[in-house]
Amino acid sequence: MTARILIVDDAEGSRRVLEAKLTAEYYQVTTAADGASALEIAAREPPDIILLDLIMPGLDGFQVCRLLKADENLRRIPVVLLTALDSREARLEGFEAGADEFLSKPIDDLVLFARLRSLARLKVMIDELGEHEEGSRRMGVTPMPSARLGASGGRILVVDDDRAEAQALAEDLSIEHRAVIETDPEKALVFARGPVDLVVINIASRSFDALRLVAGLRSGEHSRQAPILAVVDPDDRGRLLRALDLGVNDLLPKPCDPLELRVRVRALIRRKRYADYLRVSVAQSLELAVIDPLTGLNNRRYMMGQLDALFERLAPGIEPVALLMLDIDHFKHVNDTWGHVLGDEVLREVAVRLAASVRAIDLPCRYGGEEFVVVMPGTRLSDAARVAERIREEISGKVFVSGDQEIPVSVSVGVSASDGAEDRPESLLRRADEALYEAKSAGRNRVVIHTPRS
């Protein structure tokens, strides 16, 4: 998987060498000689990944990383810190600054390329979710408010055939999280089907194939989104690279530093919760785009899309499509007399009775205000008229009761059906609207069928 990469390093030789290596692997590369230039380039043409030298004049790598992560438009870009300082303190500060990875110079090319592939996959997923959320905003659908996406209180599964090592990891994690230990990979796969924020796997486990467990988690429907932290022997490059290729999100070298463990876990859980938030936000936005929030019926936008698709699929010249258009009689009087709160209750109750009176294949919708529409595939005009009369009786024949209030409600209904292969959804709606107008003009609380005029 290719990506657009920004290299930030004050040493020209290092920039050129790294640029040549990445270009040979078909990455699109941009370079910057200092932190300020990097921020300008990232703001102008956001890259997919940033490789950021730690020690630079002016803004150092820590400062640049913090500024990137504080920017709403740039915070999703993965940042890899590169440095000759392979100290525990530098790594911890880098992760606290928001870095996604920390690689020591001289850089192992195979590890770098495997890490870039993993980060590129992550960036694509986050970008797609972010684009869906932004699309919802443009459509006027406000996503759910984002709670504070903290990184504590996670549910972590530790998988290791060495129970003593697993227990030590679990104790370190229990300061901030809830850790469960599992030594059997099959049981671990079952456990991971539930709500898990992170899976920590000892890749060096001897009694089972930990790489096969990684593959199983990534192929499972309920576990493929769970982040995986692999505890690795840094000298076993083959398994380390294979783990990254299979989809491990992060690596923790042995012996495990408790502070680095907690920092990496915190970063992985925060990222996972952000991705979960985006998924839920997108799903909610999509639902809001097609569902009327008051009645729970589909809205006009969704109805029009389904009606268009129905005409394309069913060939109305051969298979009929009927449509009912309903209007609550004197609804303004309901609002004026009993108030808008009870008026909303009436709308909801009409929706319930309407949905209960039609078939599973029919599509009841709130058209707008006090108007409703029912789309009826494969239905002739005479059959649609009988259903319309049944709906009218169901709504008009039972008084609406709210507390000690009894509210008489009736509806007028216009009925139309498709008229030949050249008919269109707009014509079907127009004819039903005309029939509805006739029903209201004739005294309301009745069904009128639109019949073609000769």
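**Strand β8 and a few ring contacts**

Strand β6 (residues 155–159) runs parallel to β8, and four bridges join the two. Within this pairing, Val159 has Ile201 of β8 as its bridge partner. The model examined here is a predicted one. A further parallel pairing links β8 with strand β9 (residues 228–232), again over four bridges, and here Val200 stands opposite Leu229 of β9. Between β8 and β9 the chain passes through helix α8 (residues 210–219), giving a β-α-β crossover that is right-handed.

It is worth pausing on the surroundings of β8. Because five of the five residues in this strand (residues 198–202) are buried, β8 is largely enclosed by the rest of the structure. In a regular strand, side chains alternate between the two faces of the sheet. In β8, Leu198, Val200 and Asn202 point one way, while Val199 and Ile201 point the other way, and all of them are buried.

The rings come next. A pair of aromatic rings is described by the distance between the centres and the angle between the planes. The count of aromatic pairs comes to one. This pair is made by Phe95 and Phe102, whose centres are 6.4 Å apart and whose planes meet at 55°, a tilted arrangement. Both Phe95 and Phe102 are buried.

Charged side chains also meet rings in this model. Arg300 lies over the face of Tyr367, 4.1 Å from the ring centre. For Arg353, the charged end sits over the ring of Phe400, at 3.9 Å from its centre.

Note on methods: Residues are numbered from 1 along each chain as its sequence is written. This is a predicted model: local features need pLDDT of at least 70, side-chain atom pairs count only at pLDDT 80 or more; totals for chains, interfaces and linings use all residues. Side-chain values use heavy atoms; hydrogens and water are left out. Rings of Phe, Tyr and Trp (its six-membered ring) pair if their centres lie within 6.5 Å; planes under 30 degrees apart count as stacked, over 60 as edge-to-face and the rest as tilted. Buried means under 20% relative accessible area, exposed over 50%, partly exposed in between (1.4 Å probe, protein chains only). A charge sits over a ring if NZ of Lys or CZ of Arg is within 6 Å of the ring centre and within 35 degrees of the ring normal. Two strands pair if DSSP finds at least two bridges between them. A crossover is right-handed if, with the strands pointing away from the viewer, the path from the first strand over the helix to the second runs clockwise.
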